[in-house]
Amino acid sequence: MSIFQTSRELSAPPEAVFAAISDPQRLARWWGPEGFTNSFHAFEFRPGGPWTFTMHGPNGADYANESEFSEIVANSRVVVRHLSQPHFVLTITLSPSDGGTRVAWVQAFDDPAVAAAVRHIVEPSNEQNLDRLALEVGSYPKVSTNKIFASNQPPAPAE
C-alpha cells in the first residue's frame, strides 16, 4: 500500500468545509484538479452511499469514476472508497484550528506499483483540489504539506 498525504489550514470553520463536501452542487464545483469540471450521476452522502460521476478534463477527455462513501462523521471526517481503477481510499479529516480548519487529505492506494505510476499526477492534483476547496469556502490556503509513504500503515496525524 502507498499513501499520499497532504494537509491544509483553511480560514473557515469545520462546518463550512464539511458543507462544501456534503453538498453535491458545491462539491461538483471544486472537485478535481484545476481546469476539470464534473457531472454527478449518483450522490448519496451516507455510509455505503454511491458516488458516481464523470470528470471532464480541460483537454476534452472524460474520466468515469465510481466511488462509495465508507464513513461520514459530520464536520469531522469523510472516507471515500474509489471502486473504479485506480483503487484507493481517500480519508478527509477536518480538525478545528486556531484560524479555522486543518484539512488532512490521506489517499491510500491498494497497489504500490499503481501509486508509483500515478504519483506525478496525484501529488499536484491533490494540492489543486485543496486550492479549489479553499476558494469554495472563501478561504485562502495558509500551509500545505505533501508527503508520500510506502508502507502498510498511514503515519500518525500531525499535532
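**Exercise 1.** In this predicted model, decide whether Glu 136 is buried or exposed, and find the residue whose side chain meets that of Glu 136 in a salt bridge.

*Solution.* Begin with the relative accessible area of Glu 136, which is 18%; because buried means under 20%, Glu 136 counts as buried. Next, look for the partner: the side chain of Glu 136 meets that of Arg 29 in a salt bridge, at 2.6 Å from N to O. The two residues belong to distant parts of the chain, with Glu 136 in helix α3 and Arg 29 in helix α2 (residues 24-30), 107 residues apart. Finally, Arg 29 has a relative accessible area of 49% and is therefore partly exposed.

**Exercise 2.** Work out which residues are linked with Arg 8 in a network of salt bridges, and which parts of the chain these pairs tie together.

*Solution.* Take Glu 127 as the starting point: Glu 127 forms a salt bridge with Arg 8, the closest N and O atoms being 2.7 Å apart. Glu 127 lies in helix α3 (residues 112-136) and Arg 8 in strand β1 (residues 2-10), so this pair ties together parts that are 119 residues apart in sequence. Then turn to Asp 131, which also forms a salt bridge with Arg 8, again with closest N and O atoms 2.7 Å apart; here strand β1 is linked to helix α3 across 123 residues. Arg 8, Glu 127 and Asp 131 are thus linked in a network. As for accessibility, Arg 8 is buried at 3%, Glu 127 is buried as well, and Asp 131, at 34%, counts as partly exposed.

Definitions and conventions: Residues numbered from 1 in each chain as written. Predicted model: local features only at pLDDT ≥ 70, side-chain atom pairs only at ≥ 80, totals over all residues. Heavy atoms only, no water. Salt bridge = Lys/Arg side-chain N within 4 Å of Asp/Glu carboxyl O. Helix = DSSP H or I, 4+ residues; strand = E, 2+ residues; numbered from the N terminus. Buried < 20%, exposed > 50% of the residue type's maximum accessible area, 1.4 Å probe, protein only.
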